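Hi everyone, thanks for making time. I'd like to walk you through a structure that's probably new to most of you. Here it is on the screen.

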Amino acid sequence: GGTPAARGRLSQGWHLRRAEIKDAPGNAGAREWPVFVDRTRPRLVVRRVAQAKKVRKRRAVTVIVGALDKVGVGKLTVTATIYRAGQRKPNAKRVRKVAPGPLRKVRLGRLETGRYRVRLDLADRAGNRVTAQRRIVVR
C-alpha cells in the first residue's frame, strides 16, 4: 500500500516520492515510497429515513445511506448535523465511521417530536467531501 494524500499539485493516481539527505561530512541517504493521490469525491445517496416502531425506542431515528468511494480505502466518516426546523444553530451532531457499501445505517439517536433538517457530510481518508440534506418529521 501507499500513503493517502490529497494536497499539493500531484495529479490523481500513484506517484513515487523520493527524499534525499546529505550532511557536511558527505554522508548521504535516500528513501523512496509510493504515494496515492486521491482527488475523487466519495458518493453519498440517502436511501431512506427510518423511525423505530417499538414503544421503548420511540423517536429513535436512523438514516439509511449508500456510502461509496471508488478509489479510496478504509472507512468513511459520516457527520450528521441535526437542525430543528427554522433554526440556524444545530441541535446535535453525530459522527460515525462506516465501511463503504450500498446500505449503511447512520443512527441519529432519539429526537424530540417535531420537524428537522439533517445535513450529512461524507468524507474519505484523503479529505474529499460530499454533502446531502434531508428534512424529516419525528412523530
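Let's start with strand 9 and strand 10, which pair in the antiparallel sense over ten bridges. Before I go on, please keep in mind that this is a predicted model. Strand 9 covers residues 114-123, and strand 10 covers 129-138. If you want a pair to click on, Tyr116 stands opposite Ile136 in strand 10. The two strands make a hairpin with five residues between them, and in that hairpin Gly127 takes a positive phi near 95 degrees.

Now hop over to another hairpin, the one formed by strand 2 and strand 3. Strand 2 is residues 13-22, strand 3 is residues 28-37, and they pair in the antiparallel sense over ten bridges. Here you can find Arg18 opposite Glu32 in strand 3. There are five residues between the strands, and Gly26 in the turn has a positive phi of about 105 degrees.

So is strand 2 tucked away or in the open? Of its ten residues just one is buried, so strand 2 lies largely in the open.

Okay, on to the inside. The largest nonpolar core has 23 residues, and the ones that touch the most other members are Leu44, Val65, Leu108, Leu111, Leu120, Leu122 and Ile136. Which strands feed this core? Strands 4, 5, 6, 7, 8, 9 and 10 each supply at least two of its residues. You've met Ile136 already, as the partner facing Tyr116.

Take Leu122 from that list. Not counting residues up to four places away in sequence, Leu122 touches Pro42, Arg43, Leu44, Ala67, Leu76, Thr77, Val78, Asn128, Arg129 and Val130.

Arg43, one of those contacts, is in strand 4. Buried or exposed, what would you guess for Arg43? Arg43 comes out at 52% relative accessibility, and the cut-off for exposed is over 50%, so Arg43 counts as exposed. Its C-alpha is 9.4 Å from that of Ala123, although the two are 80 residues apart along the chain. Beyond four places in sequence, Arg43 is in contact with Gly66, Ala67, Leu68 and Leu122.

Compare that with Val63 in strand 5. Val63 has a relative accessible area of 3%, so it is buried. Leaving out neighbours within four places, Val63 is in contact with Val46, Arg48, Val49, Arg104, Lys105, Val106, Leu108 and Leu120. Its C-alpha is separated by 7.7 Å from that of Arg47, 16 residues away along the chain.

One more residue: Thr79, in strand 6. At 14% relative accessibility, Thr79 is buried too. Again setting aside neighbours within four places, its contacts are Lys93, Arg94, Val95, Arg119, Leu120 and Asp121.

Last stop, the empty space. Rolling a probe the size of a water molecule over the atoms shows where that space is left. The largest pocket here holds about 240 Å³. What kinds of residues line the largest pocket? Four are nonpolar, two are polar and five are charged. Among them are Arg48, Lys54, Lys57, Thr62 and Ile64. Strand 4, strand 5 and strand 8 each supply at least two residues of the lining. Arg48 and Lys105, both in that lining, also turned up among the contacts of Val63.

That's my tour, and I'm happy to go back to any part of it.

Note on methods:
Residues are numbered from 1 along each chain as its sequence is written. This is a predicted model: local features need pLDDT of at least 70, side-chain atom pairs count only at pLDDT 80 or more; totals for chains, interfaces and linings use all residues. Side-chain values use heavy atoms; hydrogens and water are left out. On a 1 Å grid over the protein atoms alone, a cavity is a set of points where a 1.4 Å probe fits but cannot get out, and a pocket is an open set with protein on both sides within 12 Å along at least five of seven lines; lining residues have an atom within 4 Å of a point. Grid points are joined across faces, edges and corners, and a volume is the space filled by probe spheres set on the points. Helices (H or I, at least four residues) and strands (E, at least two) are DSSP runs, numbered from the N terminus. Ala, Val, Leu, Ile, Met, Phe, Trp, Tyr, Cys and Pro count as nonpolar, Asp, Glu, Lys and Arg as charged, and the others, Gly among them, as polar. Buried means under 20% relative accessible area, exposed over 50%, partly exposed in between (1.4 Å probe, protein chains only). Contact means heavy atoms within 4.5 Å. A nonpolar core is a set of buried Ala, Val, Leu, Ile, Met, Phe, Trp, Tyr and Cys residues joined through side-chain atoms within 4.5 Å. Two strands pair if DSSP finds at least two bridges between them.
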